[in-house]
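User: I would like to learn how to read a structure of this kind. Where should I begin?

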Amino acid sequence: MATNQPESINDRFNGIENRLGNISETVAAQSDTIDVLVANIVQLTENVNNLTENVNNLSEQTTRNINNLAEQAAQDRQQAAQDRQQAAIDRQEFRSEIQRIWEYLRDRNGGSSLPN
């Protein structure tokens, strides 16, 4: 055969059939790749949603903890103020009791003066 002769129709059909087969394989491979990418995107979306939920839960828990600590601090400050007030009362009562004891001892001992 001479090099100028056109391909036979069968050869042309075989060539087209081979190319269509190759295209079909390529499309199938790309379809599988797209399916994997979609599955990865779905998984990533779920992971982001879970992380967002965890962050929200942590934020809410942190807020509750801060509020509880602030409330406890306020109660501690109030208790400290009451303790200081009671200590002042106790000191005054102690001084009064010491004064009564000194007066009793003074009167019992014949009127000696209180120490300064």
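Analyst: Begin with burial. A residue counts as buried when its relative accessible area is under 20%, as exposed when it is over 50%, and as partly exposed in between. Keep in mind that this is a predicted model.

User: What share of the 116 residues of the protein chain counts as buried?

Analyst: The share is 0% of the 116 residues. The protein chain exposes about 10500 Å², and carbon and sulfur atoms supply 54% of that area.

User: Which secondary structure does the protein chain have?

Analyst: The count is one helix and zero strands. The helix, α1, covers residues 9-108.

User: How do I read the overall dimensions?

Analyst: Set the radius of gyration against the value for a compact globule. For 116 residues such a globule would have a radius near 13 Å, whereas the protein chain has 48 Å. The box filled by the C-alpha atoms, taken along the principal axes, is roughly 155 × 20 × 15 Å.

User: Can you show me spacing along the chain with a pair of residues?

Analyst: Take V48 and I34, which are 14 residues apart along the chain; their C-alpha atoms are separated by 21 Å. V48 is found in helix α1. Its relative accessibility is 48%, so V48 counts as partly exposed, given that exposed means over 50%.

User: How many charged side chains are there, positive and negative?

Analyst: The protein chain has 10 positive and 17 negative side chains. The centres of the two sets lie 22 Å apart.

User: Why can charged side chains pair?

Analyst: Side chains of opposite charge can pair because their charged atoms can come close. In this structure there are two salt bridges.

User: Where do E97 and R100 lie?

Analyst: Both are in helix α1, three residues apart, which is about one turn of the helix. Their side chains meet in a salt bridge, at 2.6 Å from N to O. E97 is partly exposed, at 37% relative accessibility, and R100 is also partly exposed, at 47%.

User: Which residue forms a salt bridge with D107?

Analyst: The partner is R106, and the closest N and O atoms are 3.5 Å apart. The cut-off for a salt bridge is within 4 Å, so this pair counts.

User: Is D107 buried or exposed?

Analyst: D107 has a relative accessible area of 55%, so this residue is exposed. R106, with a relative accessible area of 27%, is partly exposed.

How values were computed: Residues numbered from 1 in each chain as written. Predicted model: local features only at pLDDT ≥ 70, side-chain atom pairs only at ≥ 80, totals over all residues. Heavy atoms only, no water. Helix = DSSP H or I, 4+ residues; strand = E, 2+ residues; numbered from the N terminus. Rg over C-alpha atoms; globule rule 2.2 N^0.38 Å. Buried < 20%, exposed > 50% of the residue type's maximum accessible area, 1.4 Å probe, protein only. Areas by Shrake-Rupley, 256 points an atom, 1.4 Å probe, with all protein chains shown as cover. Lys, Arg positive; Asp, Glu negative; His and termini not counted. Charge placed at Lys NZ, Arg CZ, Asp CG, Glu CD.
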